[in-house]
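Work through the exercises below with the structure open. Each task is followed by a solution in steps.

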Amino acid sequence: MKKKHQNCTKKRCNPCYMKIIMTIGSPKERRGKALLFVKFLLAMLPIIWLVAALSGLKMAGHKACLIALLFTMALAVGYWKLNAACTATAALEGVLNALWPICLVIIAALFTYNLTLQTGAMEKIKQMLAGVSRDKRVLALIIGWGFGNFMEGMAGFGTAVAIPASMLAGIGLDPMRAVLACLVVNSTPTAFGSVGVPTVTLASVTGLDPVPLAGSVVVIQFILTFLSPFLMVCICGKGVRALKGMLAVTFTAAASFTVPWFFTAQFIGPELPDIIGSICSMAGIIAAVKVFCKHPDAEYEITITENPDHGPDRARAGITTAEGVKAWSSFILIFVLLILTSNLCPPIHNAIAGIKSSVVVYAGQAGNVLSFSWVNTPGVMIFIAAVIGGLIQKATVGDMLRVLAETLKKYWKTVLTICSVMAVAKIMSYSGMISDIARFLVAAAGPLYPLIAPLIGAIGAFVTGSGTSTCVLFGGLQSETAAALGFNGSWMAAANVMGAGIGKMVCPQGIAIGAGAINAVGSESKILSGVLKYFLLYVVLAGIICYIGALMGF
């Protein structure tokens, strides 16, 4: 008591007593805090189970997620008093949302890749890439960083992991490291993925202007984004020593993306930063290789199989332009179709945007309207591109049907995992479990709230697997909390979408996509264990950046 009020020795000094009461709270307030803490712990149980099952018990992803779904349903009904009909329809909404468009995109992307293997186009792509460099680290930057960010900017929904990871594994990189690297670097372009949808959605939820909000996003994410390609080289090259001889190229990869990405967001808005930045980055990497990395390190050199149809002399001589266009046709068509059907091309976009069905699945109040775009969705465009590309590459209809059937058979566990995770996310959202997690974290942090603002976004993405869904769930919470604590609402909203990207690094949905991309379904626990340290690094750095920025008045 003496420490509370100078040298006070009274047993009941009013100033000291009031200070204690203000610190601890009334009995009613203490009960409220205790109840909030209990709700937080119970709501976290499905998340804790998934982390423990995947990283500790090494359980297959589809099994762990199915158990998590049953666990979540029991909590929603038993503690949060969500009736059985609402719980079941919330789960159904999650499954339908998972199948269309998320699983559609993933199967389409994997079908595209598998078809290029079937036609032999991937072998020619490997030879063409070797014309730029035979160094695995360089190819990781071109495909995983440059092309991966482009796919995120154009399509999102897992394509930035599925396609680059499968390509990197196909050209000779260690498959597990390829997936880890793609998951890590995909954490930073999420905010402007799918032609800016997450940030546009965040602006709508918070009532903020999209362009200034996009400016806050690039400021808060600049350091982590610049750091990402360096981590990619270290992951693919098995350590920091992989940066030896690669610093100039890696710096170019980082700068040629982040600088145009930064200014595009600041002055144009959230739709184009990833697309413009990735195109500039791929061009910058190729130019830098010609200057700084002409001869690959033997330790990191890939081996290209010579084409038996043309012999070793032809393999060394290279591939003609026509052959190159034919080999890349599926990926070129993906780019063209996604551009033509995006809001960057209003006439076509508006003409097909209305071809959709909308339905409310949830049986309770305030159910979300679930929309199914039957044409204007990335998965459909990727399928169309794959089929046309396959025909150009001389694949028969029978070949394509066989590859599609094999793809579906091989990746059904991935589909089951994603459906289970999305069902968990919907139940947690409708029951109030996610809100209770966020409320506790806000109450516990107080003035230090900016330190955990990105963590809240990461938790949302871990559960939902979606940057857009995380913005819907927590965007309003972040901006309202910022206003209550005297912080900049735009800065805290940007912290939410930054955290959403980081959370995608470890979400079961993303990990299942990665495992499927390298034909390693069942290895989800290994992938999670490998990526967890990078997730923790990014969460800590993001919290520090957010806190310092909040103190500086950003």
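The model is predicted.

**Exercise 1.** Describe how helix H8 and helix H24 pack, and classify their orientation.

Solution. Step 1: locate the helices. H8 covers residues 175–185 and H24 covers residues 524–551.

Step 2: read the geometry. The axes lie 10 Å apart and meet at an angle of about 30 degrees.

Step 3: classify. Angles under 35 degrees count as roughly parallel, so H8 and H24 are roughly parallel to each other. The crossing of H8 past H24 is right-handed.

Step 4: list the contact. H8 brings Met176, Val179, Leu180, Leu183 and Val184, and these meet Lys526, Ile527, Gly530, Val531, Tyr534 and Tyr538 of H24. Sorted by class, this contact holds nine nonpolar residues, one polar and one charged.

**Exercise 2.** Do the same for helix H10 and helix H22: which orientation do they have to each other?

Solution. Step 1: H10 spans residues 210–236, and H22 spans residues 489–504.

Step 2: their axes are 8 Å apart, and the packing angle is about 50 degrees.

Step 3: roughly parallel needs an angle under 35 degrees, and roughly perpendicular needs 65 to 115. H10 and H22 are therefore oblique to each other. H10 passes H22 in a crossing that is right-handed.

Step 4: on the H10 side the contact includes Pro212, Leu213 and Leu224, and on the H22 side it includes Trp491, Met498 and Ile502. The contact of H10 with H22 has 13 nonpolar and three polar residues, with no charged ones.

**Exercise 3.** Characterise the second largest pocket by its volume, its lining and the classes of the lining residues.

Solution. Step 1: the volume of this pocket is about 450 Å³.

Step 2: its lining consists of 17 residues. Nearest the centre are Phe147, Met282, Trp328, Phe331 and Ile332.

Step 3: assign the lining to elements. Helices H5 (121–132), H6 (136–154), H12 (273–292) and H14 (321–341) each give two or more residues. H14 gives the most, with six residues.

Step 4: sort by class. The lining has 16 nonpolar residues, one polar and no charged.

**Exercise 4.** How many cavities of 30 Å³ or more are there, and what lines the second largest?

Solution. Step 1: the count is two cavities.

Step 2: the second largest cavity holds about 30 Å³ of space.

Step 3: its lining is made of Ile47, Leu50, Val421, Val424, Phe462, Val463 and Pro508. Helices H2 (27–56), H18 (412–431) and H20 (449–464) each supply at least two of the lining residues.

Step 4: by class, the lining of this cavity has seven nonpolar residues, no polar and no charged.

Note on methods: Residues are numbered from 1 along each chain as its sequence is written. This is a predicted model: local features need pLDDT of at least 70, side-chain atom pairs count only at pLDDT 80 or more; totals for chains, interfaces and linings use all residues. Side-chain values use heavy atoms; hydrogens and water are left out. On a 1 Å grid over the protein atoms alone, a cavity is a set of points where a 1.4 Å probe fits but cannot get out, and a pocket is an open set with protein on both sides within 12 Å along at least five of seven lines; lining residues have an atom within 4 Å of a point. Grid points are joined across faces, edges and corners, and a volume is the space filled by probe spheres set on the points. Helices (H or I, at least four residues) and strands (E, at least two) are DSSP runs, numbered from the N terminus. Ala, Val, Leu, Ile, Met, Phe, Trp, Tyr, Cys and Pro count as nonpolar, Asp, Glu, Lys and Arg as charged, and the others, Gly among them, as polar. Axes are lines fitted to C-alpha atoms, for helices over the stretch in contact, and angles run from 0 to 180 degrees between N-to-C directions. Angles under 35 degrees count as roughly parallel, over 145 as roughly antiparallel, 65 to 115 as roughly perpendicular and the rest as oblique. A crossing is left-handed if the near helix is turned anticlockwise from the far one by less than a right angle, and right-handed if clockwise. Contact means heavy atoms within 4.5 Å.
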